Amino acid sequence: MTSSLVEQVVAAVSRATGGASAPLHAPRFGGNELAYLKECLDTTFVSSVGPFVDRFERELAEYTGAKHAVAVVNGTAALHVGLLVAGVKPGDEVLVPALTFVATANAVAHSNAVPHFVDSCESNLGIDVPALRDYLTSNAERRDGLCINRKTGRVIRAVVPMHTFGHPVELDDLLRLAQDFNLAIVEDAAESLGSSYRGRHTGTIGLVGTLSFNGNKTITTGGGGALLTNDADLARRAKHLTTTAKLPHRWEFRHDEVAFNYRLPNLNAALGCAQLEQLPLFLAEKRRLYEKYREAFAGIEGARLLGEPADCVSNFWLQTLLLDEASASLRDPILAATNDAGLMTRPAWAAMHTLAAYRDCPRMPLPVAESLERRIINLPSSPILGAEIAA
Ligand SMILES: *Cc1c(COP(=O)(O)O)cnc(C)c1O
């Protein structure tokens, strides 16, 4: 007799993770973290200036291939400033996926703009570009180099692709769409450090990209984020806005506009430098963990493991099980059974248009995002679970 899907999933996750209790994503500190932190304390450079901030920015740019990186306090701040330097103005609309972490929509709201929610596709969980093109073709108007929402009359200024759980969005199609509709692309690459699309690192393909180094991300600085861009003027503007718009001077405190204190402390950057050294190892482990899940889930019907999109490299930040439509009702029983067994699984975020704060925002039809929201289960994804010494 075959066992139920619930039992099969518990057994498969248990097999892939070695059965021990497994958090969703635990950080790992196996390198120079302590040495670099001690250096901060010994030199007293713990705060808003220090050599690790410059080094972290330089190494991030090198690793991602971006011409410039600006380190900030968290990924939300990076997105906020990314939208501002991309030209988002109060009263604009910004296209963001309905299926994302709330920070994506919050950053738009922080910019006094209005999120306009977009549907996702089943293959990579990112923006469904063809559906968005059809929607804009009938609902937006191109006028004077702008994209205008016919219904609200507002300018649709930008689009924010989010590389869900580390899987890159179909960016070539999105670049064409953005060009056709005069939209700036701000990539939310918070989840996709180490992921690339046709050989280019995510976050470096749009006008601006943003990263997060929160504790549950692929590498962590405690809290932190960064902007990536190839545009020197945008990078300078981002640095200025995130450092209180202070004019350089040997002793004067003169600030030329209202700005933010978003700079990453040297302590956090020190952690970031040590973590970045281990990124290739973490990525190899996360890929190995994916292979273990693939083996464990082979032959199980009613659910599939999310794989790497064609022509892309995924960082496999969070391993993802996608239930078939017919098995969607088993999501909660599977979540309960795995968590009861000490295996930390989680559903996807509540879609943005279902949150009170964003209920009245404009949106395209969202059938796929709504369906995905009911069918996604994230599996234990810590890099250590894919370590060579692990079972
Ligand atoms: C983590 C994350 C962010 C940024 O989060 P912070 O906690 O502010 O660093 C933004 N967008 C997405 C999709 C994320 O997963």
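Student: Which space is taken by the ligand?

Tutor: A ligand counts as sitting in a pocket if more than half of its atoms lie within 2 Å of the pocket's grid points. In this predicted model, the space taken by the ligand is the largest pocket. The elements that give two or more residues to the shell around the ligand are α4 and α5.

Student: How much space lies in the largest pocket, and which residues are closest to its centre?

Tutor: The volume of the largest pocket is about 440 Å³. Its lining has 29 residues, and those closest to the centre are Phe101, Glu191, Asn216, Lys217 and Trp317. Four elements each supply at least two lining residues: α4 (75-85), α5 (102-110), β10 (208-212) and β15 (346-347).

Student: How does the lining of the largest pocket divide by class?

Tutor: There are 13 nonpolar, 12 polar and four charged residues in that lining. The shell around the ligand is a separate list, with four nonpolar, eight polar and three charged residues.

Student: Which residues come nearest to the ligand?

Tutor: A residue belongs to the shell if one of its heavy atoms lies within 4 Å of the ligand. Here the shell has 15 residues, of which Gly75, Thr76, Glu191, Ser212 and Lys217 come nearest.

Student: What polar side-chain atoms lie by an oxygen atom of the ligand, and at what distance?

Tutor: For a polar contact, look for a pair of N or O atoms within 3.5 Å. In the side chain of Thr76, an N or O atom is 2.5 Å from a ligand oxygen. Glu191 has a polar side-chain atom that also lies 2.5 Å from an oxygen atom of the ligand. For Lys217, the distance from a polar side-chain atom to a ligand oxygen is 3.2 Å. As for cover, the ligand taken alone exposes 390 Å², and the protein buries 91% of that.

Student: What lines the second largest pocket?

Tutor: Read its volume first, then its residues. The second largest pocket holds about 170 Å³ of space. Arg236, Lys239, His240, Thr243, Lys246, Pro248 and Arg263 line it. By class they divide into one nonpolar, two polar and four charged.

Student: How many cavities of 30 Å³ or more does the structure hold?

Tutor: A cavity differs from a pocket in that a 1.4 Å probe fits inside but cannot get out. The structure holds two cavities of 30 Å³ or more. The volume of the largest is about 40 Å³. Its lining takes two or more residues from each of β1 (68-72), β11 (225-229) and α8 (232-242).

Student: Which residues line the largest cavity, and of what class are they?

Tutor: The lining consists of His68, Ala69, Val70, Val85, Val208, Leu227, Leu228, Thr229, Leu234, Ala235 and Ala238. Nine of these residues are nonpolar, two are polar and none is charged.

Student: What of the second largest cavity: how much space lies in it, and which residues line it?

Tutor: About 30 Å³ of space lies there. Its lining is Ala190, Glu191, Ser192, Leu193, Ser212, Phe213, Lys217, Thr218, Ile219 and Asn315. That divides into four nonpolar, four polar and two charged residues. Glu191, Ser212 and Lys217 in this lining are also among the residues that come nearest to the ligand.

Methods. Residues are numbered from 1 along each chain as its sequence is written. This is a predicted model: local features need pLDDT of at least 70, side-chain atom pairs count only at pLDDT 80 or more; totals for chains, interfaces and linings use all residues. Side-chain values use heavy atoms; hydrogens and water are left out. On a 1 Å grid over the protein atoms alone, a cavity is a set of points where a 1.4 Å probe fits but cannot get out, and a pocket is an open set with protein on both sides within 12 Å along at least five of seven lines; lining residues have an atom within 4 Å of a point. Grid points are joined across faces, edges and corners, and a volume is the space filled by probe spheres set on the points. Ala, Val, Leu, Ile, Met, Phe, Trp, Tyr, Cys and Pro count as nonpolar, Asp, Glu, Lys and Arg as charged, and the others, Gly among them, as polar. A polar contact is a pair of N or O atoms within 3.5 Å; within protein, one must be able to donate a hydrogen and the other to accept it, and residues adjacent in sequence count only if both atoms are side-chain atoms. Accessible areas come from the Shrake-Rupley method with a 1.4 Å probe; for residues, only the protein chains shown count as cover.
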